[in-house]
Amino acid sequence: MKPMTVTHGGTDALGVPAHDFSTNRNACGPCPQALDALSQAHAAQYPDPQYTALRARLADFHGVTAERIVIAASASDFIHRITMHAAREGAAVASLPAHHYGDYAHAAQVWRLPLAARDGITEAGPGLHWACAPSSPLGQPEDVWPLWSEPAPPGTWRVIDCAYAPLRLEPGMEPAVPSQVRDAWQMWTPNKALGMTGVRAAYAIAPEAVPHDEIDALRALSPSWPVGAHGEAMLTAWTAPATRQWLAQSLQRLRDWKAQQLDLVQRLGWQVLPGSQANYFVARWPQAQQGDAMQTRLAQLRAQGIKLRDCDSFGLPGCVRMGVLAPASQNALLAAWQPMEKHHAIE
């Protein structure tokens, strides 16, 4: 079996990009309240291996019982863990959104789960099924909620990636996960909303009807202490009222920055794919700038400290996903792009 290459944004062999449009972290961060919590973390001590106080706090935050909270080292850790569990318990297939984060498919390949197509109307059969609320890279609502409002058939695991639910920017929206969707696991990675993706920690919430022994099986698949003291401090800070206030204020700033960034890319001649609710969106480059020309330009931009996320791995060739950044970074993109355009026109 040939290993699948998983593409990620962010830091690469050239180091940390000065203007990193390639990730979806909150560009207003890192959250000061979370940073303060990290500075006070007990780095000399092991955390409680059961994360008793942390699970109780997260449970209270979400209005569930602590038994339903499963701590994970990261979203990728939980993706592989629940895929392993589903495969071991007899899952026949895995189904994914049309455009999706690569780790879902990577984990399915590792655990030899064939991928099944789905249309949002019918389930792809018993197995492991993924959704993202909102979707990545398009930032749109999922199409499976009417189907997932029905009870899950036996031998079915449904998982919702809620990484970007706290980063939806339109005010007054309905919850990212409809209340009638009750049979799905929820996977939360607050480091994106807090603007501190360098700190790795996540958690999942089991559906209410899941037997305790299945939750215990997911925990048993983890090594001891999957989250260190700093990750524990970040997850604890995530639930604090001061952190929630900071997040609400940052969303307003991101709304303003997103409006400016959408205007910028349209002035550059890029076509914005509609429907994004989040702090990121996808733009299609003109036909003449795709293919090898696109790779050349992405490399030229990266050499100037500007990184964009090529969407080819998402199944959207010729497109880039752009996290919303501050005006200074937007101006840097404009200043780098214009000379390349003039050079291309001369050629």
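Let me begin with a single pair of residues: I71 has Y203, in β8, as its bridge partner. The model I am presenting is a predicted one, and this pair opens the way into its seven-stranded sheet.

I71 and Y203 belong to the pairing of β2 with strand β8, residues 202-205, which is antiparallel and comprises four bridges. Against this part of the sheet packs helix α2, formed by residues 52-62. Helix α2 touches β2, β8 and β7, the last of these being residues 184-188. The direction of the helix makes about 120° with that of β2.

Let me now turn to the sheet as a whole. It is open, its pairing is mixed, and its seven strands follow the order β2-β8-β7-β6-β5-β3-β4. Which strands form the edges? They are β2, residues 69-72, and β4, residues 115-116, each of which pairs on one side only.

Within that order, β5 stands between β6 and β3. This strand, residues 127-132, is mostly covered, with six of its six residues buried. On one side, strand β3, residues 93-95, runs parallel to β5 and is joined to it by three bridges; here V93 is opposite G127. With strand β6, residues 157-161, the pairing of β5 is again in the parallel sense, over five bridges. In that pairing, L128 of β5 is set opposite W157 of β6.

I move next to strand β13, residues 319-323. Why can this strand be described as largely enclosed by the rest of the structure? The reason is that five of its five residues are buried. The cover extends to both faces: C319, R321 and G323 are buried on one side, and V320 and M322 are buried on the other.

The pairings of β13 are as follows. Strand β10, residues 280-284, runs antiparallel to β13, and five bridges join the two. One position in this pairing is A283, whose bridge partner in β13 is V320. Strand β12, residues 309-310, is likewise antiparallel to β13, with two bridges between them. In β13, R321 is the residue opposite R309.

Two individual residues deserve separate comment, and I begin with T243. This threonine is located in helix α9, which spans residues 241-267. Is T243 buried or exposed? T243 is buried, because its relative accessible area is 1%, which is under the 20% limit for that class. Leaving aside residues up to four places away in sequence, T243 touches C31, Q33, L194, A237 and W238.

The second residue is D12, in the segment before β1, which comprises residues 19-20. The relative accessible area of D12 is 28%, so this residue is classed as partly exposed. Which residues does D12 touch, if those up to four places away in sequence are not counted? They are R302 and K307. With K307 there is a polar contact between the two side chains, at 3.1 Å. A polar atom of the D12 side chain also lies 2.9 Å from the backbone nitrogen of L14.

A final distance relates D12 to R158. These two residues are 146 positions apart in sequence, and their C-alpha atoms are 32 Å apart in space. R158 falls within β6, residues 157-161, the strand that pairs with β5.

To close, I return to the two enclosed strands. Six of six residues are buried in β5, and five of five are buried in β13.

Terms used
Residues are numbered from 1 along each chain as its sequence is written. This is a predicted model: local features need pLDDT of at least 70, side-chain atom pairs count only at pLDDT 80 or more; totals for chains, interfaces and linings use all residues. Side-chain values use heavy atoms; hydrogens and water are left out. Two strands pair if DSSP finds at least two bridges between them. Contact means heavy atoms within 4.5 Å. Axes are lines fitted to C-alpha atoms, for helices over the stretch in contact, and angles run from 0 to 180 degrees between N-to-C directions. Buried means under 20% relative accessible area, exposed over 50%, partly exposed in between (1.4 Å probe, protein chains only). A polar contact is a pair of N or O atoms within 3.5 Å; within protein, one must be able to donate a hydrogen and the other to accept it, and residues adjacent in sequence count only if both atoms are side-chain atoms.
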